[in-house]
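User: I should like to learn how to read the main features of a predicted complex, taking each general idea together with its case. Where should we begin?

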Amino acid sequence: MHNVWLIAKREYLERIRTKAFIIGTVVIPLVMGALVFGVGLLAAHTKSQSHIAVVTTDATFGADLKQKLESGKSTNMRVDVFSPSDAVRSSLNAQMKDKDGTLVGYLWVTPATIPGARPNYTYRARSAGDIATQNALQDAIQTVTTREQLVAHGLSNSDVDTLTTSISLDTSATGNTQAAFFTAYILFFLMYMVILLYGMNTARSIIEEKSSRIFEVLLATIKPEELLAGKIIGVGAVGLSQIGVWMLAIFVIANSHLAGSLGSTHAPVSLAQIGFFVLYFIFGFLIYSSMAAALGAMTNSEQELQQLNMLLVIPLVFCFAMLSVIIPAPDSTLAQVVSLVPFFSPLLMDMRISLTQVPPWQIWLSFGLMSLTIAAILWFSSRIYRIGILMYGKKPNLPEIFRWLKYS
Amino acid sequence: MPIVELHNIRKVYDSKVAVEGLTLAIEPGTMFGLLGPNGSGKTSSIRMMIGMTVPDSGSVQLFDEPFRRSQLHRIGYLPEERGLYKKMKVIDQLTFLGCLHGLSESVARKRAKEWCERLQIKEALPKKTEELSKGMQQKIQFIAALLHEPELIIMDEPFTGLDPVNASLLMDTLMGLRSQGRTILFSTHRMDQVEKFCDGIALISRGRLVLSGSMRAIKSRYPRNHVQVAFTGNDAFLRDDAIVESKPFSGGVDLLLSSEAAAQKVLASAVTQGTIINRFEVHEPSLEEIFIEEVKKSFGETEAVEA
């Protein structure tokens, strides 16, 4: 046990000092936090401030539209209202061509020729891509005309206000589902990343020791099983430290007033979610890193490993494919079955826990199945490892690997 | 009572026989040379001695007991190829390896510093291994095998890649350890060192033991039929039936004679023919000559059997 501890300690200390670890641990959560909250804040607080012109014969409509666009809930535009004439049209056209001009477009309202029909709204924009302004304008016209019609039909202004107020669902009891979904997705992606990254790190570390022939020195004092155990524990501890920092950061950010400013009264990440994430990481890492250890012991170089790492990547990518099944119906039979498969549980069961109420027996079962799988893979890997690390040169073929399993 | 005893060990990798029926005993307090051409099974034999691989049949006894892993703390091992963490600092590396051998961290650190001072590479201590020259790395590896003060030191080709100054520094260190009563086993191609320093040798070829025993006993088995002659003038004396083989060098010739007695006859015939003899030396075969002869013989026999 002492030797396992020494190997794990060395692995941990050497890895945690690398630049890659520090960057991955500190910079990635910073960038992600900045992105999430940056986009959220921008979306919440940016109002359209474009400068447009409205040309109409209907002065009331012009004034209402101007009022709506200049001091509306989501717009803060500058609106000039004109009566139609050829001089106005050519002046506006000239302004649109002026490179330093602020005018981004103008609306030309042509009254309908048939009485009672809607007028014709023509919008000329400086840039066809300025969809935000167009949408704002469209919404405003809709609101203003509806209101005018309602008033014309004899409703009072206050009645109109009541009718046109938009409805918002109160989700404060369960938390914002959009935020919860977003969090679940981020956690899923993080899990995919760390399992693959640290699984591959285990394989790489074995290849490094193999190519530097340090094995020969180590095996002169300790058993291959101790070396393998120390390595997996060491690399896993690095992974745990990294996600520990990340989870702490996510939890702190999610519970800060910043999250509150996004309009959610519930923290998007719960302690239970973080706990399950850490647990599923440990089990997932053990499954994939012990597979990777066997791959590392079989190969001689990173290039050879690249050819074999599909074996690790395919089950993980399959989980991505299953997302389209799990997300819309996290309690379907298919979702329940695939999330219990040990190779997929770390990603899919964790995702289901974030999305729905998973029965506890399923969670227990997933951990039980994963434990059995880990034991089986470790049995297999340690045999491959024991023989493989002393084999240099050619890559073993399948019959040879089976023969290795028989050596005891 | 031998400190290392291999009894009839055999190891087969897939279809290739690496070691076949090897029996070997090494006495404590001696320096033992394991010789053999490339691919003859030296490294395979050494790996079985320290339990890195297990023989298919036969037994390994260390310190007069059947092999147990706990005995490994009493052994220092230097592998054939350098095995060090490239990115690790030398001092951390040595401390780590010392701890694996059962030392406490502070003792390992202290001894690492002392050894580096002794082998004149103190300046390497804070550096990363990859920044060091090959010779320096070899010294670090050498120190790593000795930190825990092992009773039995096993070194696989310790002198490859070292310049003569450093090679003799390491050799002197090993001699010093032997005089403290440690047992040293090393494999090498360098016959001159074996000839000068080893008490006993074993020569293996194609996985089989060809020759073993104390240096003196082995040499005495071979007739003193090698002659080195330095001469000027008439070389007619070289056409003698007693001369089996002659290899000229500048200013002379190396002769292999059919018998020890033939030397005097050759000398007499040279003198009568008026050749000026500058030097005429009868000597036993050098280890190198024995090596080449025996290895050739082992290959010849197997080929004859196969044919």
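User: Among contacts in chain B between residues at least 6 apart in sequence, what percentage join residues at least 24 apart?

Analyst: Two residues are in contact if their C-beta atoms, placed from the backbone, lie within 7 Å. In chain B of this predicted model, 69% of the contacts between residues at least 6 apart in sequence join residues at least 24 apart. The C-alpha trace of chain B spans about 75 × 45 × 35 Å along its principal axes.

User: What conventions apply to the numbering and to the model?

Analyst: Residues are numbered from 1 along each chain as its sequence is written, and chains are lettered from A and ligands numbered from 1 in the order in which they are written. As the model is predicted, local features need pLDDT of at least 70 and side-chain atom pairs count only at pLDDT 80 or more, while totals for chains, interfaces and linings use all residues.

User: How should confidence be read, and where in chain B is it lowest and highest?

Analyst: The pLDDT is the predictor's confidence in each residue, from 0 to 100. Where pLDDT is low, the predicted coordinates should not be read in detail. Chain B averages a pLDDT of 84, with 97% of its residues scoring at least 70. Within chain B, helix 9 (residues 287-306) has the lowest confidence, a mean of 71, and helix 2 (residues 90-100) the highest, at 91. For the complex, the predictor gives an ipTM of 0.74 and a pTM of 0.72.

User: How many helices and strands does chain B have?

Analyst: Helices (H or I, at least four residues) and strands (E, at least two) are DSSP runs, numbered from the N terminus. Chain B has 9 helices and 14 strands.

User: How is a sheet described, and which strands of the 12-13-11-14 sheet stand at the edges?

Analyst: Two strands pair if DSSP finds at least two bridges between them. In chain B, 4 strands in the order 12-13-11-14 form an open sheet with antiparallel pairing. Strand 12 (243-249) and strand 14 (276-283) of chain B each have a single partner strand, so one side of each lacks a neighbour in the sheet. From one strand to the next, the twist averages 20°. Strand 11 (residues 226-232) of chain B pairs with strand 14 of chain B over 7 bridges in the antiparallel sense; T232(B) has I276(B), in strand 14 of chain B, as its bridge partner. Helix 8 (residues 262-272) of chain B packs on this sheet and touches strand 11, strand 12, strand 13 (252-257) and strand 14 of chain B. The direction of helix 8 of chain B makes about 175° with that of strand 14 of chain B.

User: How does one judge burial, and is T60(A) buried or exposed?

Analyst: A residue is buried if 20 or more other C-beta atoms lie within 10 Å of its own, exposed if 12 or fewer, and partly exposed in between. T60(A), in helix 3 (residues 59-70) of chain A, counts as exposed because it has 10 C-beta neighbours inside 10 Å. By contrast, strand 1 (residues 51-55) of chain A has 4 of its 5 residues buried, so it is largely enclosed by the rest of the structure. In chain B, buried residues make up 37% of the 307 residues.

User: Which strands pair with strand 1 of chain A?

Analyst: Strand 1 of chain A pairs in the parallel sense with strand 2 (residues 78-82) of chain A over 5 bridges, and A53(A) stands opposite D80(A) in strand 2. Strand 3 (residues 103-110) of chain A also runs parallel to strand 1 of chain A, joined by 5 bridges; there W108(A) is the bridge partner of V55(A).

User: How is helix packing read, and at what angle do helix 14 and helix 15 of chain A cross?

Analyst: Two packed helices are described by the angle between their axes and the distance between the axes. Axes are lines fitted to C-alpha atoms, for helices over the stretch in contact, and angles run from 0 to 180 degrees between N-to-C directions. The axes of helix 14 (residues 333-340) of chain A and helix 15 (residues 345-355) of chain A come within 7 Å and cross at roughly 135°. These two helices of chain A, 14 and 15, are therefore oblique to each other (angles under 35 degrees count as roughly parallel, over 145 as roughly antiparallel, 65 to 115 as roughly perpendicular and the rest as oblique).
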